[in-house]
Amino acid sequence: MSIQVGDRLPEVVLQRIGDGVESVDTKTLFGDTKVVIFAVPGAFTPTCSERHLPGYIEHFQQFHDKGIEVACVAVNDPFVMQAWGQSQNVPEGLMMLADGNADFARALGLELDASAYGMGVRAKRFAIYAEQGVVKQLNVEAPGEFRVSSAEHVLSQIA
């Protein structure tokens, strides 16, 4: 069963690079704010690097102007997420979060078995808009697609 609109975001620990590796729980990250959390199957992969993350970089200021934080999550380690963010010129404030063991993806019910491609368990491509930890919008891509989790689509849904 996957998360639904109206559900609370699950409480799990994600990692990021700050002053070294920081472990931070989702309630602390997302519990008191408006946030778009978008997940990609993998850092440095083609669609993720050429379209998904770049769209959120391009439209980051529009989200910021609406008082919405933006977080990118992938089942990668925090060092990979940091390097990917640097290579993509991610603006300060766009969170690059590592879900190294897919705990967040599993807790959402949005994990993807990519073992056939040598990638193990990953997150499906999705975007969630949440306010104070409650899911207001949920956009999960069909396998092989990139449409409903794009920054442009998410922005078009937010009043």
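Two residues are in contact when heavy atoms of theirs lie within 4.5 Å. Keep that in mind for the exercises below. The model here is predicted, so local features need pLDDT of at least 70 and side-chain atom pairs count only at pLDDT 80 or more, while totals for chains, interfaces and linings use all residues. Residues are numbered from 1 along each chain as its sequence is written, and side-chain values use heavy atoms, with hydrogens and water left out.

**Exercise 1: the overall build**

Work out how many helices and strands the protein has, and what its radius of gyration says about its build.

Step 1. Go through the secondary structure: you should end up with 6 helices and 9 strands. Here helices (H or I, at least four residues) and strands (E, at least two) are DSSP runs, numbered from the N terminus.

Step 2. Now the radius of gyration, taken over C-alpha atoms; the globule rule is 2.2 Å times the number of residues to the power 0.38. For 159 residues, a compact globule would come out near 15 Å, and the protein has 14 Å, which agrees.

Step 3. Put a box around the C-alpha atoms along the principal axes, and you get roughly 40 × 35 × 30 Å.

Step 4. Check the burial: 49% of the 159 residues count as buried. Buried means under 20% relative accessible area, exposed over 50%, and partly exposed in between (1.4 Å probe, protein chains only).

**Exercise 2: strand β3 and its partners**

Find out which strands pair with β3 and in what sense, and whether β3 is enclosed or open.

Step 1. Two strands pair if DSSP finds at least two bridges between them. With β4, strand β3 pairs in the parallel sense over 7 bridges. Look for lysine 34, which stands opposite isoleucine 68 in β4.

Step 2. Turn to β8: this strand and β3 run antiparallel and are joined by 6 bridges. Here alanine 39 is opposite phenylalanine 126 in β8.

Step 3. Count the burial in β3: 6 of its 7 residues are buried, so β3 is largely enclosed by the rest of the structure.

**Exercise 3: the β8–β9 hairpin**

Describe how β8 and β9 are connected and how they pair.

Step 1. Strand β8 covers residues 126–131 and β9 covers 134–140; they run antiparallel, with 6 bridges. One pair to spot is tyrosine 129 with its bridge partner in β9, glutamine 137.

Step 2. The two strands form a hairpin with 2 residues between them. In that turn, glutamine 132 has a positive phi of about 50°.

**Exercise 4: three loop residues**

Place phenylalanine 44, asparagine 89 and lysine 66 in their loops, and say how accessible each one is.

Step 1. Phenylalanine 44 sits in the loop between β3 (34–40) and α2 (46–58). Its phi is near 70°, a positive value in a residue other than glycine. With a relative accessible area of 46%, phenylalanine 44 is partly exposed.

Step 2. Asparagine 89 lies in the loop between α4 (78–87) and β5 (95–98). Phi is positive for asparagine 89 too, near 55°. Its relative accessible area is 63%, so asparagine 89 is exposed.

Step 3. Lysine 66 belongs to the loop between α3 (60–65) and β4 (68–74). At 37% relative accessibility, lysine 66 counts as partly exposed.

Step 4. Leave aside the neighbours within four places in sequence, and lysine 66 is in contact with Lys34, Leu155, Ile158 and Ala159.
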